[in-house]
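This briefing walks through one structure, topic by topic, for a reader who is new to looking at protein models. Please keep the sequence and the 3D view open beside the text while reading.

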Amino acid sequence: MAKTSTRPEMPVQEPEVRAHNFDEVALGLDLETAVAEAERCFNCRNKPCVGSCPVNIDIPGFIMRLKERDLQGAYDVISQSSNLPAVCGRVCPQETQCEGVCTRGFREKPIAIGYLERFVADWHNEQEIEVNKPESNGIKVAIVGSGPSGLTCAGDLAKKGYDVTIFEALHKVGGVLVYGIPEFRLPKKIVEKEVENLKKLGVTINTNVVIGRSESIDDLFEQGYDAVFVGSGAGLPMFMKIPGENLNGVLSANEFLTRINLMKAYEFTSETPIVHGKHVVVVGGGNVAMDACRSAMRLGAEKVTVVYRRSEEELPARHEEYLHAREEGIKFHFLTNPVEVLGDDDFKVKGIKCVKMELGEADESGRRRPVVIEGSEYEMECDVVIMSLGTTPNPLIKDTTPDIEVNKRGGIIVDEGGKTTKDAVYAGGDAVTGAATVIKAMGAGKLAASSIDEYFSNK
Ligand code: FAD
Ligand code: SF4
């Protein structure tokens, strides 16, 4: 029997416990709760939720199967559109996508689509499922980067019989899913499972290969690849260019999170050097800033403060992650901007100087521009400053492949099918758009796979 008729709360680890461990915070629904939630879905004829999902998952289709307790059927519906449902069920901003337009949400709370997707995907990952390797069509495709765009493009092409090889610069596969998003939000074993399935489909993965250094895109064509997809992400961190940013103890959020995620700095027995600050200040307000501040707390900081130049309403991070951060004891200084990092005689961080801001006229993004309040300077003591101000695409591919054109923000220019200015080279994800979301990167990987298939079908 179904348990409830209102949207369920996600069971979570208690804040005072989870603030000191890296285990997953959200624990997942049980079958009865998931079925009860599925029963709340109207199975709307116009399916607004589907149109709001960047990969157009047949959401009512999978929810109806879940309602009938046909979990394999529910998974089959999701997997027609998404290769990474266990990932998306955890990290997608559903509140602004499918759940944001859910008909049920007009009068009460929307269907917990993300929780249900996660439930079905987790059930599937626990089963022993055979993956059949499709017959090869003999066409070789190289994928640069193993983030969600590269993995999705690889999976879709492998299912169609393409001979796919992924080249990944790092020693671990998964892009931001493994080096950026921390274990407590996305356990690495979930990404590993998805990668295992790709290998079963026949995808070859070469790690520790930096395209543009180890070999160029033109070298890949010389080696016999017929097409290339570039999903190299946007891993180049931005800084504020304020005095003191070169002091010991100032890090980019990317470096901080990569060291924790890939070099096991979160295990207290690890020998990987990482600064364990007592009072850590994180500058920025996005998902990356939330991951950095919550990781700093888990590394043992006594106090963690987030400094964000706009107000709480403009915070770009997912609301749930912000609330989780607050519950874990993170302090927030809104409408505040650093102007200088202060150092001691040994060039180590000893504090940060900030100014207070107020919101003025709207800028080109439509958000009200923060303006400095004169004479509002103040200092805060801290020993680590983590800059989380966004990232841009790394220029390496562009610099070594001049016929691939980029825009003024460094994003690779593509047509509506994901094709770059170079013949047989496609691109997608953050490398094209700049830092965005997992599901958008997956959508771009899917689009490019379909364009590559069309290109060879027409040949
Ligand atoms: P990436 O995931 O960046 O993968 C690119 C891969 O290419 C990397 O593995 C990189 O090592 C490799 N590479 C780069 N250059 C080369 C080269 N020259 N040769 C070979 N390999 C190369 N999105 C959400 O939807 N929800 C979230 O909650 C969320 N949280 C985030 C938290 C953090 C800390 C970060 C950093 C991002 C977060 N995002 C989130 C954004 C999301 O993860 C990205 O938009 C998404 O991963 C982009 O996918 P991608 O495939 O384009 O690139
Ligand atoms: Fe169900 Fe909401 Fe989608 Fe309607 S909009 S089909 S209620 S999930």
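Sorted by class, the residues of the shell around ligand 2 are 9 nonpolar and 2 polar, with no charged residues. The structure is a predicted model, and the points below take up its two ligands, its domains and several single residues.

**The shell around ligand 2**

- The residues around ligand 2 include four cysteines, namely Cys-41, Cys-44, Cys-49 and Cys-102, together with Pro-48 and Pro-60.
- Also found around ligand 2 are Phe-42, Asn-43, Thr-103, Ile-111 and Ile-113.

**The shell around ligand 1**

- There are 34 residues around ligand 1, and those that come nearest are Val-91, Ser-149, Glu-168, Arg-185 and Ile-211.
- By class, the shell around ligand 1 is made up of 18 nonpolar, 12 polar and 4 charged residues.
- Three helices, H8 (148–159), H13 (287–298) and H17 (438–458), each supply at least two residues of this shell around ligand 1, and the largest share, 3 residues, comes from H13.
- Ligand 1 lies between domain 2 (140–235 + 392–458) and domain 3 (239–389), because both of these domains give residues to the shell around it.

**Polar contacts of ligand 1**

- A polar atom in the side chain of Ser-149 lies 2.8 Å from an oxygen atom of ligand 1.
- The backbone also takes part, since a backbone N or O atom of Val-438 lies 3.0 Å from an oxygen atom of ligand 1, and a backbone N or O atom of Ala-436 lies 3.2 Å from an oxygen atom of ligand 1.
- On its own, ligand 1 has 1000 Å² of accessible area, and the protein covers 93% of that area.

**Domains of the chain**

- The domain assignment gives the protein chain a domain 1 (24–125), a domain 2 (140–235 + 392–458), which is listed as two stretches of sequence, and a domain 3 (239–389).
- When the centres of domain 1 and domain 3 are taken over C-alpha atoms, they are separated by 34 Å, and the contact takes 8 residues from domain 1 and 7 residues from domain 3.

**Buried residues in helices**

- Gly-155 is found in helix H8, and with a relative accessibility of 2% it counts as buried, because buried means under 20%.
- Not counting residues up to four places away in sequence, Gly-155 touches Asn-83, Leu-198 and Leu-201; for Gly-155 and Leu-198, which are 43 residues apart in sequence, the C-alpha to C-alpha distance is 6.0 Å.
- Asn-125 lies in helix H7 (residues 113–126) and is buried, with a relative accessible area of 16%.
- Leaving out residues up to four places away in sequence, Asn-125 touches Ala-86, Lys-193 and Glu-194.
- Pro-15 is found in helix H1 (residues 15–18), and with a relative accessible area of 16% Pro-15 is buried.
- Apart from its neighbours within four places in sequence, Pro-15 is in contact with Glu-327 and Glu-328, while the C-alpha atoms of Pro-15 and Gly-329, 314 residues apart along the chain, are separated by 8.3 Å.

**A buried residue in a loop**

- Is Ser-311 buried or exposed, at 10% relative accessibility? Ser-311 counts as buried, because its value falls under 20%, and it is found in the loop between strand E8 (303–307) and helix H14 (319–327).
- The side chain of Ser-311 makes a polar contact, at 2.4 Å, with the side chain of Glu-314.
- When neighbours within four places in sequence are left aside, Ser-311 is in contact with Phe-334, Leu-335 and Leu-359.

**Loop residues with a positive phi**

- Asn-56, a residue other than glycine, has a positive phi that is near 50°, and Asn-56 is found in the loop between helix H3 (48–51) and helix H4 (59–67).
- With a relative accessibility of 44%, Asn-56 counts as partly exposed, because that class runs between under 20% for buried and over 50% for exposed.
- Lys-241, also a residue other than glycine, has a positive phi near 60°, and it lies in the loop between strand E5 (236–237) and strand E6 (250–252).
- Lys-241 counts as exposed, because its relative accessibility of 77% is over 50%.

Note on methods. Residues are numbered from 1 along each chain as its sequence is written. Chains are lettered from A and ligands numbered from 1 in the order in which they are written. This is a predicted model: local features need pLDDT of at least 70, side-chain atom pairs count only at pLDDT 80 or more; totals for chains, interfaces and linings use all residues. Side-chain values use heavy atoms; hydrogens and water are left out. A residue is near a molecule or strand if one of its heavy atoms lies within 4 Å of it. A polar contact is a pair of N or O atoms within 3.5 Å; within protein, one must be able to donate a hydrogen and the other to accept it, and residues adjacent in sequence count only if both atoms are side-chain atoms. Accessible areas come from the Shrake-Rupley method with a 1.4 Å probe; for residues, only the protein chains shown count as cover. Helices (H or I, at least four residues) and strands (E, at least two) are DSSP runs, numbered from the N terminus. Ala, Val, Leu, Ile, Met, Phe, Trp, Tyr, Cys and Pro count as nonpolar, Asp, Glu, Lys and Arg as charged, and the others, Gly among them, as polar. Domain bounds come from an automatic or database domain assignment. Buried means under 20% relative accessible area, exposed over 50%, partly exposed in between (1.4 Å probe, protein chains only). Contact means heavy atoms within 4.5 Å.
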